[in-house]
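The exercises below are to be worked with the sequence and the model at hand. Each task is followed by its solution in steps.

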Amino acid sequence: MTERHTHPITLLQMIWRFLFLLIFPAARGFLTALSGGNVTEWLGGAWKDILIIVAILFLAFLQWWCLRYRWEPVGLSIRKGVLFRQRMFIPAAKIITMSLTRPFYLKPVGGVRLRVDTWAGASNSTDISLTLPRKAAEDILSKRESCLTHADFAPREYHPKGLYIACLSAILSSSFAGVLFFATFISQTGSLLGQEFADRITGTFERLTRTIAWGLPPATVALAYLIIFGWLYSFLRNLIRHKNFVLHRRKSEFMISSGIITNRSYSIRLSEINYIDIRQSLVTKLLGLYSVFINAVGYGKEKDDISAMIPANPWDRLQRHLHFLLPEFAVSPRQVKSNGGAIFRFILDPLIPTLTIPAAGAVLATLFPSWADFTYSIVWMAMIPCLWFLTVRFLDFFSSGVGRQGDMFTLRYSSGSQLHTVILPLARISQVVLRQSPIQAFDRRCDVFVYSTSEKKTQHHLRNLDLAQVMEIFGCNETNALPFPGWPKPLISLTEYLHPFSNYLRQWMPFWKKQNKNGTF
Amino acid sequence: MKKTTLPRRALTLWRLRAAIVAFLVSFLLTLLLSDLYLWYQLAMILTGIAFLFFFCVYYPLKQVKFTYFLHNGQLILDCGVFYNRRRVVPLDNIQYITTLRTPDMLPFGLASLMVHSVGASLYLPCLPWADAQNLQEYCVRRKKHE
């Protein structure tokens, strides 16, 4: 295949790089005005400005002309640079994720952004990003697909229902993003359309909140509406992003596409999936719905990327879909879990603000009685996330733990307001850290941090598990330590305190190994 | 599987470092705060307490608790001072290892190791130079799934 140019729209990106040269015409105009010159004098030197604009266009064109790409069966080669020539070759076998993005502004000109990601490169940006004509980009993607497809494997397809897409959008929505958008919108309106227009918007919002305050302090209502509208804005964005979600499973590839205004397609090499994450928020926990996300290099990397695999489903249906689409990643039952006494280890973090915020509110209301109504309403609003977090930790206490089936681990834990069930292959574990606090030492328990291989540092934190069981399940029990079954446990010796991992109680046969012998797994 | 602990000279090096830092801090305090008698006294006492804490408690505990060994295709490191930590790194995932020798390590024949794997890293401080080299050679040159 011959070398090709990228889409001519790339010229605009190139022009953007040289726009700083416009400082010379601007400086000339400024200096002419400063030295008392008139328009005629300025026009006399206009040829210099025109020359600079021509130079910008010429340099941009030259850069675009020298930027060429070629897709071969063995990989993607790119050539760029005018004076400093660069030649880049990415082997096809090293490409983990290849994606096509069609933003609404590129649709009229038939442009598509092709992104290529490998293990190398920065963790927060794409390794290669090219704007290509749609046909050429789709051609590259289909050639990659044909490499990863096999005739003896029947392709599988998954179309989720619209309701489940809406559920996923709700899970992913956060008020913060929306509030940030509205705050920027209102502040920027002043500078773009004038202060009067910005004041009008703020005034309308103020009148609206006063009208529908229902006896509550207007400031509280304004804050509440801002959060609600912020969440709705975020929800709509996610809905638009995930609409028309389709997943195709081929022999060695996942092909995911979605979006209405901006269309996105991702081709992920299956062997390079780091882990899958089954997530639940508090609301979806109550509704009995689960969402599955994939962690792979280049998937869900940029701000507006999608990272879901199965939007939202009840557990039975999710298991069926997972078995149908990705049977390699099977959920195993909880084999190591927290003991009853560990509840405080789970709820302590949310319990502190849950108790201190009302106390602080009561003190403030006593000190400033005229602000009491406002203070109490703010306390109520602050209590919602605290209680939310507390409930999540309660649920986490009853569900957290580790399971293992062959070389596949299932980690159940909570992080923030989400409950996670992570299915992680042994080969994708980068580091396991068992951390025992002085209090946990007396109970022979520890927190477990599992780091998975990823471009970024990814940590899974499991709380208060039995030390010997954890060492056994992660294969680092070199002394064949055994958990003590009775109660009360004997006090630890100084030797055990100093070296808890190698001086545990006595030898035992772990139950999952026994099950292996019976062939139940 | 042979468990390796830190040599006694690692503790001597840490204590020496603590003594140098304590001396420098005391020197600076004397230079800057000697006019403010109360604050000077307070700062000197705090420096002394911190020095004694590191000299008598922190570094001895750190040295005693530090052990590393190879087991089941993994590099296992037991460490921590007040919290106990076991760090487990699968050898297959190690990308490269860096040795680090500061000038004060040279007379003691010590070196530190930085083990880099995808998505995580591990620091092994003040190992004997020969052990550090052996470990580096073994981890980097071993064949996968050996």
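**Exercise 1.** Which residues does A:I52 touch, not counting residues up to four places away in sequence?

Solution. The model is a predicted one, in which local features need pLDDT of at least 70, side-chain atom pairs count only at pLDDT 80 or more, and totals for chains, interfaces and linings use all residues. Residues are numbered from 1 along each chain as its sequence is written, and chains are lettered from A and ligands numbered from 1 in the order in which they are written.

Step 1. Apply the contact criterion: two residues are in contact if their C-beta atoms, placed from the backbone, lie within 7 Å. With residues up to four places away left out, A:I52 touches A:L21, A:F24 and A:P25.

Step 2. Locate the residue. A:I52 is in helix α4 (residues 46-66) of chain A. Helices (H or I, at least four residues) and strands (E, at least two) are DSSP runs, numbered from the N terminus.

Step 3. Classify its exposure. A residue is buried if 20 or more other C-beta atoms lie within 10 Å of its own, exposed if 12 or fewer, and partly exposed in between, with C-beta atoms placed from the backbone. A:I52 has 17 C-beta neighbours inside 10 Å and therefore counts as partly exposed.

Step 4. Take a distance along the chain and in space. A:F368 is 316 residues from A:I52 in sequence, and their C-alpha atoms are separated by 65 Å.

**Exercise 2.** Compare the end-to-end distance of helix α2 (residues 23-34) of chain A with its expected span.

Solution. Step 1. The expected span of a helix is 1.5 Å times one less than its number of residues. For the 12 residues of α2(A) this gives 16 Å, and the end C-alpha atoms are 16 Å apart, which agrees.

Step 2. Check the cover: the count of buried residues in α2(A) is zero.

Step 3. Look past the helix. A:G36 follows α2(A) and has a positive phi, near 80°.

**Exercise 3.** Determine the strand order of the seven-stranded open sheet in chain A, then examine strand β5(A).

Solution. Step 1. Two strands pair if DSSP finds at least two bridges between them. The order is β7-β6-β5-β11-β10-β9-β8, with antiparallel pairing. Its edge strands, each pairing on one side only, are β7 (128-133) and β8 (156-158) of chain A.

Step 2. Follow β5 (residues 97-102) of chain A to its partners. Five bridges join β5(A) to β6 (residues 111-117) of chain A, where A:T97 stands opposite A:D117. Six bridges join β5(A) to β11(A), with A:L100 opposite A:S265.

Step 3. Continue from β11 (residues 263-269) of chain A to β10 (residues 253-258) of chain A, which pair antiparallel over six bridges. Here A:S265 is the bridge partner of A:S257.

Step 4. Assess burial. Five of the six residues of β5(A) are buried, so this strand is largely enclosed by the rest of the structure.

**Exercise 4.** How is the open sheet of three strands in chain B ordered?

Solution. Step 1. The order is β5-β6-β7, with antiparallel pairing. The edge strands are β5 (94-100) and β7 of chain B.

Step 2. Strand β6 (residues 110-117) of chain B pairs with β7(B) over seven bridges, and B:H116 stands opposite B:S121.

Step 3. Set this against the whole chain. Chain B has three helices and seven strands, and its radius of gyration (taken over C-alpha atoms) is 19 Å. The globule rule (2.2 Å times the number of residues to the power 0.38) gives 15 Å for 146 residues, so chain B is more spread out than a compact globule. Its C-alpha trace spans about 65 × 30 × 30 Å along the principal axes.

**Exercise 5.** How many residues does each chain bring to the contact between chain A and chain B?

Solution. Step 1. Chain B gives 23 residues and chain A gives 26 residues.

Step 2. On the side of chain B, the largest share, seven residues, comes from β4(B).

Step 3. Strand β19 (residues 429-436) of chain A runs antiparallel to β4(B), joined by five bridges. In this pairing A:V433 stands opposite B:R87.
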